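Student: I would like to learn how to read features such as pockets, ring pairs and unusual backbone angles from a set of coordinates. Could we work through one example together?

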Amino acid sequence: MTATIHTVAVEKASGELAREQQLAWKLAELATRAKEAPQDDEAVAMAKNRIIDNAAIALGAANETAVRVARADALASQGTGSATIWGLTEKFAPVPAAFANAVAVRFLDNDDCYLAAEYSHPDDNISPIIAVGQQLGVSGADILRGVVVAYEVHVALVGTGDGTGICLHKHKVDHMTHIAAGTAAGLSSMLGLTTEQAYHAINFAVHNAISSRQSRKGDIGAQKEFVPGFSAEISIKAVHHAMHGLKGPNPVYEGVDSIIRRFLNGRDDESAVYKIELAEPGVDALANIMKTYPKQHAFEYQGQAIIDLALQLRDRLPKQGDGIDLDRIEKIVLETSHHTHHVIGTDANDPQKIDPDSPRGTLDHSIMFAIARCIQTGEFHKDRAYQMTRPEKDELRALMARIETQFDQRWEDLYHDQDPNVQAYGGRMIVTLADGTEVADEKTRANAHPGGDTPWQRADYEAKLADYTKDLVSDDERARFIAAVDGMDRMSGDELATINLIVDTGRLEAPDTRGIY
């Protein structure tokens, strides 16, 4: 592979940077010339796995309030397009379909991840790419290429080691900015746009996808789940307008009033520099998707390895009947990275994170909850983990209060290691029993991670699909859908509507309330 690390710096004077030197142009070149490059068979197979994963988590959240609202929003466009919504047989316009699907995919916080200089859920790109592909009747191979390109760009912007990547969260900018860039690039590649069209699409999308991280603070609401829906809408419209020859704000990354200059490092340092590693356009097979990690547990990524560790340690704790004798646990200490300690651990100093009556959007970002629930029940299921009786909550509250996280430089160094083969998001857990005995172990990576104990294969994605859709979808419909995804390479036109999992044994619920439409 002939990847190149590109330097991205802010202009000293407006207009001094040639278009071909701009990051958006280089991303556009990668996207539009991808059709000339050999396809990486493993990357294409992984794209199919992530489409199956999207179906699982979208329908697993199908009757959650925010998802019901997003789906209902799309009903006004029923019959006006060729895009599908997970679970439904009807056809819709691509923007509302993509919005509804993207919200459903994100809701459980169980979609795939990639963490480096920035945080990301790269499968946020899939919903708009499928919706537009269905609308325009492209080939299934085009859709798969679009997904692979979107992952390639998204992961490159997040960082691939050696000091690369553009960090957004440092400046309290939400990671929607990178989603939009990836989606615009993926759509451009799928549709066979010119490099100039793709360039303007990326400029449009990135410029309009700046938002603050307040959605992840305070009384966490639906904006957190709606972010990929807004990104999908912005990106589809960006590509649509670029196809008409309209120009996006440029240079969106390097301009004197660009996102780097006004929102990121350039705000305080006019000489700020970022580095982005990109494959050679039209030459290299694109495989950044293989660096990304699936989620086994419905919890934020920094907790994945810790959940596996807690379940592993549970087998060594004192038993009481069919469960664990929680009264014999004196305390639990987790030594871990700054993020896990400060954001989802006890250093967050957030009383809601040790209160089992808190909303799910808080509990799925509390490592104290995750550890306690694993030890209490011996599992961490997307539904059962968050559905608790009053006696369970009382027992859980007492255990959560005995859990403490501690910053440990070793785990911080692993968290920020620039070598993807070393980088880890785990910790060491020490359970002290009432008699002073200590039970301890550590885990660097989640089991499902490509470098974990049991990296996920196709069978794991299919098992997740069966689990998450068992009350909504028949075995026959699941088998049909999986076969359709496997055959995407040979599909086109109306056949693309089969890339949808139809609810045929359960019910999709409407919102309980009424809005404007």
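Tutor: What follows is a walk through several features of this structure, which is a predicted model.

Student: Let us begin with pockets; what volume does the second largest pocket have, and which residues lie closest to its centre?

Tutor: The general idea is that rolling a probe the size of a water molecule over the atoms shows where empty space is left. Here the second largest pocket has a volume of about 350 Å³, and of the 18 residues that line this pocket, the closest to its centre are G60, K382, D383, Y468 and D471. Two elements, α2 (41-60) and α17 (458-468), each give two or more residues to the lining.

Student: How do the residues of that lining divide into nonpolar, polar and charged?

Tutor: The lining of the second largest pocket has 8 charged residues, together with 5 nonpolar and 5 polar ones. Two of the central residues also interact with each other in a way worth inspecting, for the charged end of K382 sits over the ring of Y468, at 5.2 Å from the ring centre. A second case of a charge over a ring is R410, which lies over the face of W411 at 4.6 Å from the ring centre.

Student: How many aromatic pairs are there, and how are the rings of Y301 and Y425 arranged?

Tutor: The count comes to 15 aromatic pairs. To classify one of them, look at the angle between the planes, where over 60 degrees counts as edge-to-face; the rings of Y301 and Y425 have planes at 85 degrees and centres 6.1 Å apart, so this pair is edge-to-face. The pair links distant parts of the chain, with Y301 in the loop between β4 (273-278) and α11 (304-314) and Y425 in the loop between α16 (409-415) and β9 (427-433), 124 residues apart. Both residues count as buried, because the cut-off is under 20% relative accessible area and Y301 is at 4%, while Y425 is at 6%.

Another edge-to-face pair is W456 with Y461, at 5.3 Å centre to centre and 85 degrees between the planes; W456 is buried at 12% relative accessible area, and Y461 is buried at 0%. Ring pairs also join Y301 and Y425 with Y114, Y293 and Y415 into a cluster.

Student: Why is helix α14 described as largely enclosed by the rest of the structure?

Tutor: The reasoning rests on counting buried residues along the helix: in α14 (residues 367-377), 10 of the 11 residues are buried, so this helix is largely enclosed by the rest of the structure. Among the buried residues are I367, F369, R373 and Q376. Just after α14, G378 takes a positive phi of about 80 degrees.

Student: Where should I look for unusual backbone geometry in residues other than glycine?

Tutor: As background, most residues other than glycine have a negative phi, and most peptide bonds are trans. In this model D162 has a positive phi, near 55 degrees, and K172 has a positive phi of about 60 degrees. D162 is found in the loop between α6 (140-158) and α7 (176-191), and K172 is also placed in the loop between α6 and α7. D162 counts as exposed at 58% relative accessibility, as does K172 at 54%.

Student: And which residues does a cis peptide bond join?

Tutor: A cis peptide bond joins N250 and P251, with omega about -5 degrees, and P251 is found in the loop between α9 (223-243) and α10 (259-262).

How values were computed: Residues are numbered from 1 along each chain as its sequence is written. This is a predicted model: local features need pLDDT of at least 70, side-chain atom pairs count only at pLDDT 80 or more; totals for chains, interfaces and linings use all residues. Side-chain values use heavy atoms; hydrogens and water are left out. On a 1 Å grid over the protein atoms alone, a cavity is a set of points where a 1.4 Å probe fits but cannot get out, and a pocket is an open set with protein on both sides within 12 Å along at least five of seven lines; lining residues have an atom within 4 Å of a point. Grid points are joined across faces, edges and corners, and a volume is the space filled by probe spheres set on the points. Helices (H or I, at least four residues) and strands (E, at least two) are DSSP runs, numbered from the N terminus. Ala, Val, Leu, Ile, Met, Phe, Trp, Tyr, Cys and Pro count as nonpolar, Asp, Glu, Lys and Arg as charged, and the others, Gly among them, as polar. Rings of Phe, Tyr and Trp (its six-membered ring) pair if their centres lie within 6.5 Å; planes under 30 degrees apart count as stacked, over 60 as edge-to-face and the rest as tilted. Buried means under 20% relative accessible area, exposed over 50%, partly exposed in between (1.4 Å probe, protein chains only). A charge sits over a ring if NZ of Lys or CZ of Arg is within 6 Å of the ring centre and within 35 degrees of the ring normal.
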